[in-house]
Structure formats: structure tokens, C-alpha cells
Amino acid sequence: MSVTFNKRDPIYLQVMTHLKKQIVSGELKPGVEMPSRRQLANQLKINPNTVQRAYSEMEEQRLIFTEPNKPSRISEDPNVLNQLKKEWLNQAITRFVSAIDPIDMDLEDLMPMIEQELANRKKAQK
Amino acid sequence: MKQYMKSLLNLTAFELDRISKFLYTLLGVTLLLNLIGYIYTPMRYVGRMNEYMQTESVTAQQAIERFGSFSFYDVTSTLWLLAPATLGISGLLLYSLFIWYREWMGKNTFAYRLLMLPVPRMQIFYSKLFVIYIAIFSLIAVQIISLTIGFQIVSAIVPDDWLSGMTLVQALNIHPLFTVILPVSSFYFLSANGIGLTFMLVLFTVILLERSYSFKGLGLGIAYGVVTVLIAAFPVFLPDLVQNYYFFYDSEIMALIIVLMTVIGVTSLLISRHLLNKKITI
Amino acid sequence: MIEVKDIHKQFGRKKVLNGVSFTIEKGEISCLVGVNGVGKTTILNAIMNLTPVKKGSVTIDGETLVPALYNKIAFIPDASISLPHFTIQESMDFMNDYYDTWNARRAKDILKFFRLNAYDKLRDLSKGNQAKVNLLLGLALDVEYILMDEPFSGIDIFTREQITEVFSSYLVEDRGVLITTHEINDIEHLLDKVILLDEGKIYKEFNAEHMRETEGKSVIDVMREVYTG
């Protein structure tokens, strides 16, 4: 696992985005144990304090939870997870729309293109 | 205390290991050259005697009158013995500088490691001093053993009648160098050692001054060295100063020298400790 | 906490440190950055009592440094600090003889991590491997503070990567780490605190993550402002 961080955004936010992506994609399943702060820092080759910060923020957003003396786990609360997916999607759509905004195009024309791209991706993944 | 002794012993053993090659070389050279001296010098004498007796058809007695009888001093006064002894002294003197400066030499600045050991820094000083002394006494011991064996070799090579009958101790007593550096006369030996130890303490202090203040330190160090010599030698000139050669007994002057040298030694230790603890620079 | 308070240092007429103060916290990786000059190494030497300072003071958890504290604070200089004719094993044994905090088990781990052979002589090692041995000898001490002088200088890129990995590993976790460097590019995201040194003074001291969050600037951005602006 390797993530390229950009230098101007807070690393903890970039770590959160990385983890959120893994949650929405199902790579990190609900209830699954998170790596320790040190393990993740070592994997991502970043400062353990930064991971700590990311974990506390995610705990605050109830995306992960920690019982005393146990590793943190991914939330099992469906409301929280659905909320996260919605958020992720909203962000993606906002970005997408603003990206195609300069080109004047109807949704009907766009749909087949999006479908085509999705199909391509699925094929590539196989 | 136990911890203190342990690290001091460790450091001394470590320094001993580092000097060992050099020391073995000095000891080896001494033994080898001495051995040549013990064999070659009497053989040459015996050869000359025989040749003289043969060519001139004279008796051994007449030959001895011509060449003199052979004594062990004839061996100890040759370069075969003087050279390695001088080499040993000057070698250890140079090593006393090297033992410090090696830590700062090249790109391997071992001074970092030594100065960052969790032991009182004076232990570095003591370990280096001890090792110089171990080397000095090794050389002395080996020289004594060498001379004892050498005396036997010489006695075996030269016919008894041709020997002067001088004992080993007599031969050493009249020797300008060995009588001082070997424990032949306790007075000379103790003086040499007392002066030697004070000298080493002053030398180490000068080195540490240089290491602490570089050029300025070298100047300070040389000044310190000159002042200590003047102080130590001062009692010798005391009778001249008071213009009364009977005012002090020799023993009083002696005692004064010992006291002053002790003061110099202790002062040097205190200065060195201060420099090592507070002023030394990597 | 290491507290450096108003230290001054002069070499001949040249003022190298001109009232430098900062603190190093446990559990943080701090980086002393300066584009040129001798100031950085001098500061580390001063902290370790390896060079006297004219004015000011350094305390480690409130205490002035005495030799016993070398069991608590380690320094990894940018020079080999073992003997060239020693093997790595002999260098480690030497440490073991003197330091209460020498952790032989961890030393073995680091040896494996760096893929070093304990029976190689130091003088036969490449420059990168010598740097690794230096790190090994410092990191295997169970100390609370570690200072490293230019751990990335003059070594190949792969050694660099390996050494970078050390900073996010358990080897430095919970310790107070201070490194000096003149090129920060590869390690920006590893740092907590950045201390910018220029002309013998601290120009700026900041938390890297905080800087990114509040001003959207990378460490290099800030350096650029300070050194070229």
C-alpha cells in the first residue's frame, strides 16, 4: 500500500481521505480492526502523530470506534456508513460537474459516455 | 564504585588492545637487536683475540693486555642496546601524543564515541595514562629479562679468563641510560619515574589545552609547560638565590622538589578534568 | 524536553550561533533546517556537551548534561564513530560494555532491517552502510532523545529510502528526535516541528502539519520565503 501525499494539504486529511475510500469501496469492512497507529504510519511512511490525528478525527466522525485497550475498529453503524457513502458521492459529483462545466453538454449525451467508462473500468479490473 | 572500576578497566583494556601492535613491535625490536648485540659483540671480540693470538703468536694474556678484558658493559654500551632503548622511550613519547590525537584523526572521529560514553570523562584520561605506563613497564621488564639472558649468553661466548668479572648490576650501574630507566638504583629510578609521571600529566594537560582552544590553547599549553618546569626546578637554584649554599640540606631541597612536583601533578589533573568536562571540542 | 536557551558561539571572529533558543519534545520528530553554514552541527554538539558555548544553557528534562545522561540522549553524528578495524559486532559489543541502555535485541532487529552483516569490518563497508551502522549504534540505545546530524547526506537513494523508513517505525516512536538537514524534500511528511536556522538565529519554528492546515504551505514553501524572500 502506497499513497502519494501532496505537500500543501494537511497529511492527516489526506490519510482520512485514503481510509474513507477504503471504507466506501469495502476494502475495509465494517467492524474490521484498524492497523495500529504505528503500523499505518510505517506503511504510509509518515509520522505516527499524523496518523493519530487522523484516527481521532475519524473517531469524532464516528467512522471508527475504540474500546479501552483494544485496537480501533471500523464503525458497524449503517447510518454512519451510508452517510459516508453519500458524502463521498456528493463530493465526486461536485468535482465531476465542475470539471465538465466548461463544456456545454446534455445529460442524455453524457449518460452513454459514463456507462462506457464504467464498463471499461470493470473490464480492466477483471 | 564497582561500576566506576568496571568501565575504567574496560577502557584501559580497550586502549591496551589498541597499543598492543605498536608495543609488541617495540618489544620485538628490542629483543632482536639486543640478541644481535649479545652475540655479535662478544664474537667480534673473541674473533679479534684469536686472530691476534694467531697472527702475532702471542698468549691470551698478551692479547688481553692489547685489547683489554671483556665486560658486559662492552655490550650494553653498543648501539644494539642503546638504540632500541632510545627507540622505546621516544616511541612511547610520540605515542603519548598519538594516543589523544588519533581520536580526532581522519573521518573516523572516535572522539565522539569516547566523549559520549556514560562514564566520567577523566576515565578516558586515566585509561590513556595507565596504558602508557603499562607500556613503559613492559619495556622495562622485557629489558631486564633481556639483559639477564644476555649476560648469560655473553658469559658463554667469551672464555672465563677473558672476562673482566664485572657483574650484571655493576655493568648497569655505570651505564648512563640503564641506571636511570631500570630499577638499578632506587634513587635514580624513583626520581626518573616521579619526573616522568609529572611530565606525562603536564603533557596530557597541554594536549587537552590545545584540543580545547586550538592555537590559543597550544600557546597556553607551552606557557604552562615552561612554568611547570621552572617551578619544579626552582629548588635547585634556591641556594644561588639565597646566596647561602649551606642554608638548605640536600634532602630539604629534594623534599621541596617532590612537593612542588606533586602540586604540579594535581594541578594538571584538575585542569585536565575541567577541560574534559567543560571545554573540550569535538 | 530538551531546552536550548539563548546559546551563542563564535569561531574566531565569526559568530556561528547568535542567541539560539528552541525546545525538543518527547514523541516528536523535529528538524533543524539551514541551507548552509556550520550552525546546525554546532548546535547538536553544544546539546551533547561536545563543544562549549559562550553563553546560554542546554537542559535535558531540566538537568544539565553530565556523562550519565548519555544513557538518556544519543547522538548520531555525520561521521563514523566506531573504529575502522572493528567489525559491526565488535562495535556493538563496545556499546554493550558501557551503556546500560544498550538493547541487544533491538540492535539485532535493526541489523536485519538494514540487511547488514555483523561480521563485516567497518572499513570494508560502503558509505551508505557505514551510515547505517552509525544509525544502528545510536538507535539500539533505549534512550529518550536521539539527535541525528544530516542522516541523509552523501548516501544513495535506496539507503535514503531505508533510513526514511526508520522515522515512521517503532525505532523512534515515543522518543524525542532531532535531525538536521539541508534538503527536506523527502522527509517533509515525517516531521512534526521544523526549526529554520539562518545566520546563527532561529528564523521560524513551526509545526509542519499546522502550517499546511492553516496556511496551505508546504515546509519548502516556508523555507523559500525565509531563505530567498
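# Notebook: cavities and rings

I began with the enclosed spaces, and the largest cavity came out at about 70 Å³. The model I am working from is predicted, so I keep that in mind for every entry below.

**Entry 1, the largest cavity.** I listed its lining and got 14 residues, with R113(B), M116(B), A74(C), F75(C) and L141(C) the closest to the centre. I then looked for the elements behind the lining: β5 (73-76) and α4 (127-139) of chain C each supply at least two residues. Sorted by character, the lining of this largest cavity holds 11 nonpolar residues, 2 polar and 1 charged.

**Entry 2, the second largest cavity.** How many cavities of 30 Å³ or more are there? I count 3 of them, and the second largest has a volume of about 50 Å³. Its lining includes W100(B), E103(B), W104(B), K128(B) and I280(B). I also noted A111(B), L114(B) and L115(B) among the lining residues. Both α5 (110-115) and α6 (122-157) of chain B supply at least two residues here, and α5(B) gives the most, with 3. The split for the second largest cavity is 8 nonpolar, no polar and 2 charged.

**Entry 3, a charge over a ring.** W104(B), which I had just met in the lining of the second largest cavity, turned up again. The charged end of R211(B) sits over the ring of W104(B), 5.1 Å from the ring centre. I found a similar arrangement at F67(B), where the charged end of R66(B) sits over the ring at 4.9 Å from its centre.

**Entry 4, aromatic pairs.** I went through the rings next and counted 23 aromatic pairs over all chains. I picked F152(C) and F167(C) for a closer look: their ring centres are 5.9 Å apart and the planes stand at 45 degrees, so I logged the pair as tilted. Where do the two residues lie? F152(C) is in the loop between β6 (145-149) and α5 (157-167) of chain C, while F167(C) is in helix α5 of chain C, so the pair ties together parts that are 15 residues apart in sequence.

Are these two rings buried or exposed? F152(C) has a relative accessible area of 4%, and because buried means under 20%, I count F152(C) as buried. F167(C) is buried too, at 1% relative accessibility.

**Entry 5, a ring cluster.** My last lookup was a group of linked rings. Ring pairs join F14(B) and F110(B) with F86(C), F94(C) and Y98(C) in a cluster, so I marked these five for display.

Conventions
Residues numbered from 1 in each chain as written. Chains lettered and ligands numbered in written order. Predicted model: local features only at pLDDT ≥ 70, side-chain atom pairs only at ≥ 80, totals over all residues. Heavy atoms only, no water. Phe/Tyr/Trp six-rings, centres within 6.5 Å; stacked < 30°, edge-to-face > 60°. Helix = DSSP H or I, 4+ residues; strand = E, 2+ residues; numbered from the N terminus. Buried < 20%, exposed > 50% of the residue type's maximum accessible area, 1.4 Å probe, protein only. Lys NZ or Arg CZ within 6 Å of the ring centre and 35° of its normal. 1 Å grid on protein atoms, 1.4 Å probe; cavity = no way out; pocket = protein on both sides within 12 Å on 5 of 7 lines; lining within 4 Å. Points joined across faces, edges and corners; volume = space filled by probe spheres on them. Nonpolar A, V, L, I, M, F, W, Y, C, P; charged D, E, K, R; others polar.
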